[in-house]
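Got your viewer open? Load the model and keep the selection box handy.

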Amino acid sequence: MLDATTIATLARQLYDARKTRTPLRHFSRAHPQMTIDDGYAIQREWVKLELADGRTIRGRKIGLTSRAMQQASRITEPDYAPLMDDMFFEQGGDIPIQRFIAPRVEVELAFVLGRPLRGPGATLFDVLAATAYVCPALEIIAARIEQFDRETRAPRKVFDTISDFAANAGIVLGGRPVKPDAVDLRWVGAMLFKNGVVEETGLAAGVLNHPATGVAWLANKIAPHDEQLNVGDVVLAGSFTRPTAVDACDGTNVVILITSTTTNIASPRCPELFTVRRTWSATDTCGNQSLCSQTITIVDTTPPNITCADDQIVE
């Protein structure tokens with residue numbers, strides 16, 4: 001475990017690096033005894049510095065939610081970090097690239113809470129009951145700590161990432177909100193475009209089998225620190241695409257498809273009858289020295305009136 005003085009010093013380095021866009025070398029290199037608890041302790045000290053500046057916490061992000069990423073990081077659970085109020089950018093606008101060191105974007109679902117959620121013992125069903133709505137989101141990740149050491153090229157460790165706000169640097173919320181029980185959130189699919197080219201695709205089931213699972217995990221994880229998720233909090237449930245690097249004047253668009261199926265079966269052999277598809281589409285423009293966020297709308301397709309009887313589909 002790191003001592004209190006070292007934790008405060010490292011938190012100050014991250015605070016300064018965010019303001020000056022100065023990349024830092026791995027904390028774990030200088031402090032090989034560093035632990036996950038140390039990472040969260042540094043994170044909490046950094047939050048105190050931000051709060052002293054008048055910043056507020058608008059929510060949390062959950063990271064490392066895929067099994068592949070956990071195995072690569074040699075951990076068995078996700079990580080988390082705060083979302084500060086100055087990390088939020090309006091959809092459809094330009095985002096100044098000078099805010100970031102090496103920005104990349106990921107596609108996620110954001111849960112906006114209508115009721116408090118507190119652990120221990122919070123479940124996926126508690127999350128759905130506490131959520132006012134879910135909407136698509138872009139997370140901008142831009143770590144202050146180098147992804148690879150500048151000399152050895154060794155990758156950073158999870159302790160570094162946790163202390164560094166889990167690499168979070170920005171968030172764009174978009175789209176018409178949907179109730180969490182309106183669709184099966186596991187089957188939300190996404191296509192991430194950069195400058196008109198599909199860079200990544202993904203399915204929300206890749207986030208711990210259900211994106212709400214991570215939100216329940218978070219509520220239980222922060223409970224021992226006498227913390228909870230509050231009304232109005234925005235919780236990024238975890239990415240289901242790989243990070244995509246972006247540069248000045250890159251346009252990043254997201255199309256998210258929500259598919260839900262309703263079946264009226266009068267025969268064991270009757271197939272699925274119809275699919276309701278809601279599409280979050282995105283368009284944007286780009287100004288000089290900026291990143292582009294998404295403008296998101298939803299187009300609903302009303303399903304036909306279909307019933308099924310004795311292996312026949314009747315409209």
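What follows is a walk from the core to a lone acid, then along some salt bridges to a strand.

Before you click, note that this is a predicted model, where local features need pLDDT of at least 70, side-chain atom pairs count only at pLDDT 80 or more, and totals for chains, interfaces and linings use all residues. Residues are numbered from 1 along each chain as its sequence is written, and side-chain values use heavy atoms, with hydrogens and water left out.

**Stop 1: the core**

Select Ile-42, Phe-111, Leu-117, Val-215 and Leu-229, the residues with the most contacts inside the largest nonpolar core, which has 66 residues. A nonpolar core here is a set of buried Ala, Val, Leu, Ile, Met, Phe, Trp, Tyr and Cys residues joined through side-chain atoms within 4.5 Å. Buried means under 20% relative accessible area, exposed over 50%, and partly exposed in between (1.4 Å probe, protein chains only). Now colour helix 7 (residues 211–222): the largest share of this core, seven residues, comes from there. Helices (H or I, at least four residues) and strands (E, at least two) are DSSP runs, numbered from the N terminus.

Zoom in on Val-215. Not counting residues up to four places away in sequence, Val-215 touches Ile-62, Phe-111, Leu-117, Val-127, Leu-229, Val-235 and Ala-237; contact means heavy atoms within 4.5 Å. Apart from the largest core lies another, of nine residues, including Leu-83, Phe-88, Ala-110 and Val-112.

**Stop 2: Asp-233**

Next, pick Asp-233, in the loop between helix 7 and strand 10 (234–236). What is the nearest side chain of opposite charge to Asp-233, and how far away is it? It is Arg-60, 5.4 Å away, and Asp-233 is buried yet has no salt bridge. (Lys and Arg count as positive and Asp and Glu as negative; His and the chain ends are not counted. A salt bridge is a side-chain nitrogen of Lys or Arg within 4 Å of a carboxyl oxygen of Asp or Glu.) The Asp-233 side chain does reach the backbone nitrogen of Asn-230, at 2.8 Å. Leaving aside neighbours within four places in sequence, the contacts of Asp-233 include Arg-58, Phe-111 and Gln-228.

**Stop 3: salt bridges**

The structure holds 16 salt bridges. Start with Arg-18 and Glu-50, whose closest N and O atoms are 3.2 Å apart. Arg-18 sits in helix 1 (residues 4–20) and Glu-50 in helix 3 (residues 36–52), so the pair ties together parts that are 32 residues apart in sequence. Both are buried.

Jump to Asp-149 and Arg-25, bridged at 2.9 Å, N to O. Asp-149 lies in the loop between strand 6 (131–141) and helix 6 (158–163), and Arg-25 in the loop between helix 1 and helix 2 (27–30), so this pair links parts 124 residues apart in sequence. Asp-149 counts as buried at 1% relative accessibility, whereas Arg-25, at 23%, counts as partly exposed.

Then show Asp-86 and Arg-55, with their closest N and O atoms 3.7 Å apart. Asp-86 lies in the loop between strand 2 (79–84) and strand 3 (88–89), and Arg-55 in the loop between helix 3 and strand 1 (57–63), so the pair ties together parts 31 residues apart in sequence. Add Arg-18, Glu-50 and Asp-85 to the selection: salt bridges that share partners join these with Arg-55 and Asp-86 into one network.

**Stop 4: strand 7**

Finish on strand 7 (residues 168–173). Five of its six residues are buried, so strand 7 is largely enclosed by the rest of the structure. Strand 3 pairs with strand 7 in the parallel sense over two bridges, and Phe-88 stands opposite Ile-171. Strand 6 and strand 7 run antiparallel, joined by five bridges, with Ile-140 opposite Gly-170. Pairing takes at least two DSSP bridges between two strands.

Methods: Polar contact = N/O pair within 3.5 Å; in protein donor to acceptor, adjacent residues only side chain to side chain.
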